[in-house]
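Grab your viewer and work through a few short exercises. Try each task yourself before you read its solution.

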Amino acid sequence: MIYAEILFPGGPMRLQSLTQISCCLAVSLIYTGCGGGSQPGRTVSAAAPSITAQPTNQTVSAGETATFSVTAVGTTPFSYQWQKSSLPISGATSASYTTAATTTADSGSQFSVVVSNAIGKATSGAATLTVNPAVPATTDVLTYHNDTARTGQNLTETTLTTRNVNSARFGKQGFYPVDGLVDAQPLYAVKVAVPNNGTHNELIVATEHDSVYAFDPDSGATLWHVSMLKPGETTSDDLSCGQVTPEIGVTATPVIDRSAGPNGAIYVVAMSKDGTGIYHQRLHALDLALGTELFGGPAEIQATYPGTGDNSAQGIVAFDPSQYKERAALLLLNGVIYTAWASHCDFRPYTGWIMGYSESTLAQTSVLNVTPNGGAGAIWMSGAGLAADSSGNIYFLDGNGDFDTNLNTGAFPSNGDYGNAFMKLSTSGNQLAVADYFEMDNETSENGSDTDLGSGGTIVLPDLSDGSGHTMHLAVGAGKDTNLYVVNRDSMGKFSSTSNNIYQELAGALPGGVFSMPAYFNNTLYYGSWGHPIQAFTITNATLSSTAAAQTANSFVYPGASPSVSANGTSNGIVWAVENATPAVLHAYDATTLNELYNSNQASGGRDQFGAGNKYITPMVANGRVFVGTTNGVAVFGLLP
């Protein structure tokens, strides 16, 4: 027989019926032997659920999710049923419940949960959900990699977090088709007043078909679309070079000045070919609200410079528009638009040009050639941009080309040739001049083998303390030779044939070489070299860790990865990168651990896929969305409804 025995301090009381025992009391089941023999019993304790941690009130912004949780004790297993306003929620049967993306209509809803087991059940208290209106878009992205230092960090991202960026809550929201390849990073301007058409956020997209588009990222509408071509012109052919193909139009990332012109201005360099076969490079200034040309533009890009190098005559080197493309992103600095020029597949003759133009008149203000008495030395940096510090100095990595080892008394090349160098230019008086440089000791072999430093972009790091009270001004760059170079911007090291006189060098730290742009966030530098994982190098006392503190589990095929970072201050840091595969893959990683949070191949049925990969693409993050340029448009990612 089975008896229930309730244990009291004075001794047991034996009952015949378990139904007389309250489900909220602890009970012991005593099993006695059959046949009248008395044997020691086995005691099994049981208890109904008792809630020890109630769901708590949650406050979110519209579009975000909310998570409620409960903790209970008692005999397991438990079953859970969450309720919204006392009505069961389908599928909400775990100890925690995460809502779908919320709307303001959800505000005031109450959530509770019934916890059950074989003995009984308990109902939690109700937690209230408050949903505030969505935070309006407030963050502009007006230049490549977010700022002139080219850090790639957006520190005002409040919507996307390490908790909600996953395939259940985050994915592809849409796609903006355009008329050509998108090699330039998209840009974002908030609250643009469009004459006779209200106020709109604007997503700016430039294409190799010589078009610029302005989309409303909230409604999906096309606000305007303009062509950079003059009547009778076409885009440039690829000049038998497969780097940008089948056409060359707008390759470099434009730059925006919200204060220029009546509504703000977008500065764009476009290449074209006229009916007589003449190639043109032009600088355009487009009205941000309307797309119309400003300041009498466009301006034809032409230049000469003293020298006896490639394409020179009578001591003057001439800029031939057909021999170049504007690959590096434009830089706006102190009222001047700076451009830098890449070759087509190293087809000579070409040299290393940097030019400045007034943003208000489009008149040329300054020209510098960094290989005027030699050849090559073009500036491409895999699409990264000229970087700048707060003192108005410009930094970049030069491509392979002639370097003059005959140094003057200041240790500068006597003939002014700086092929394959880490360059610093001054812009005092809006005039470009070489202020300092670093050249590796094996420059002859690197230039001779096309192992150029100029395949990667450079970052100007924020001021750092070396631990002894000294403030260090550093910049970082890397190229094809697998080494990571850190220069002191106040004394870059110049050239020695016997050693690299440099602040810090991590030899072989970037296997596969760099054809991409690094990113910086929270004293950490993120590099994605060719064929290898993204690596995180931490910075302590103004020195990079000798090895990576973390790396991604996956590697990136050519050309590697150019990551961006979103965060809310120093919290919720996410590293974003695009894999140049077929299909292309958008990845998101925790910025501290580089553990993957999301990738666009995770969702079933190809839900988040967005087409074939496109090299050198840098994801742009703004106001709760991620924008990725593709071969025929821009893919948009964000929180799912």
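The exercises below go from the whole chain down to single strand pairs.

**Exercise 1. Get the overall picture: work out what secondary structure the chain has and how far it extends.**

Solution. Start by keeping in mind that this is a predicted model. Next, run through the secondary structure: the protein chain has 1 helix and 57 strands. Then turn to the extent of the C-alpha trace, which spans about 120 × 65 × 45 Å along its principal axes.

**Exercise 2. Describe burial, surface and contacts for the chain.**

Solution. Take burial first, with under 20% relative accessible area as the cut-off. Of the 641 residues in the protein chain, 57% come out as buried. Now the surface: the chain exposes about 24,300 Å², and 50% of that area is supplied by carbon and sulfur atoms. Last, the contacts. Consider those in the protein chain with a separation of 6 or more; residues 24 or more positions apart account for 60% of them.

**Exercise 3. Count the charges and find how far apart their mean positions lie.**

Solution. Tally each sign: the protein chain carries 23 positive and 48 negative charges. Average the positions for each sign, and the two means turn out to be 14 Å apart.

**Exercise 4. Trace the sheet that contains strand 16, and say which strands sit at its edges.**

Solution. Step one is the order: 16-57-56-55, an open sheet of 4 strands with antiparallel pairing. Step two is the edges. Strand 16 (170-177) and strand 55 (620-622) each pair on one side only, which makes them the edge strands. Step three is the twist: neighbouring strands here are turned by 25° against each other on average, ignoring direction. Finally, zoom in on one pair. Strand 55 runs antiparallel to strand 56 (residues 625-629), and 3 bridges join the two. As for a concrete partner, Val-621 is bridged to Val-626 in strand 56.

**Exercise 5. Do the same job for the sheet that contains strand 31.**

Solution. Begin with the order again: this open sheet is made of 4 strands, 31-32-34-35, and the pairing is antiparallel. The edges are strand 31 (331-333) and strand 35 (364-369), each of them pairing on one side only. For the twist, neighbouring strands of this sheet are turned by 20° against each other on average, direction ignored. Then pick a pair: strand 31 and strand 32 (residues 336-340) run antiparallel and are joined by 3 bridges. Which residue in strand 32 is the bridge partner of Leu-333? That would be Val-336.

How values were computed: Residues are numbered from 1 along each chain as its sequence is written. This is a predicted model: local features need pLDDT of at least 70, side-chain atom pairs count only at pLDDT 80 or more; totals for chains, interfaces and linings use all residues. Side-chain values use heavy atoms; hydrogens and water are left out. Buried means under 20% relative accessible area, exposed over 50%, partly exposed in between (1.4 Å probe, protein chains only). Contact means heavy atoms within 4.5 Å. Accessible areas come from the Shrake-Rupley method with a 1.4 Å probe; for residues, only the protein chains shown count as cover. Lys and Arg count as positive and Asp and Glu as negative; His and the chain ends are not counted. The place of a charge is taken as NZ of Lys, CZ of Arg, CG of Asp or CD of Glu. Two strands pair if DSSP finds at least two bridges between them. Axes are lines fitted to C-alpha atoms, for helices over the stretch in contact, and angles run from 0 to 180 degrees between N-to-C directions.
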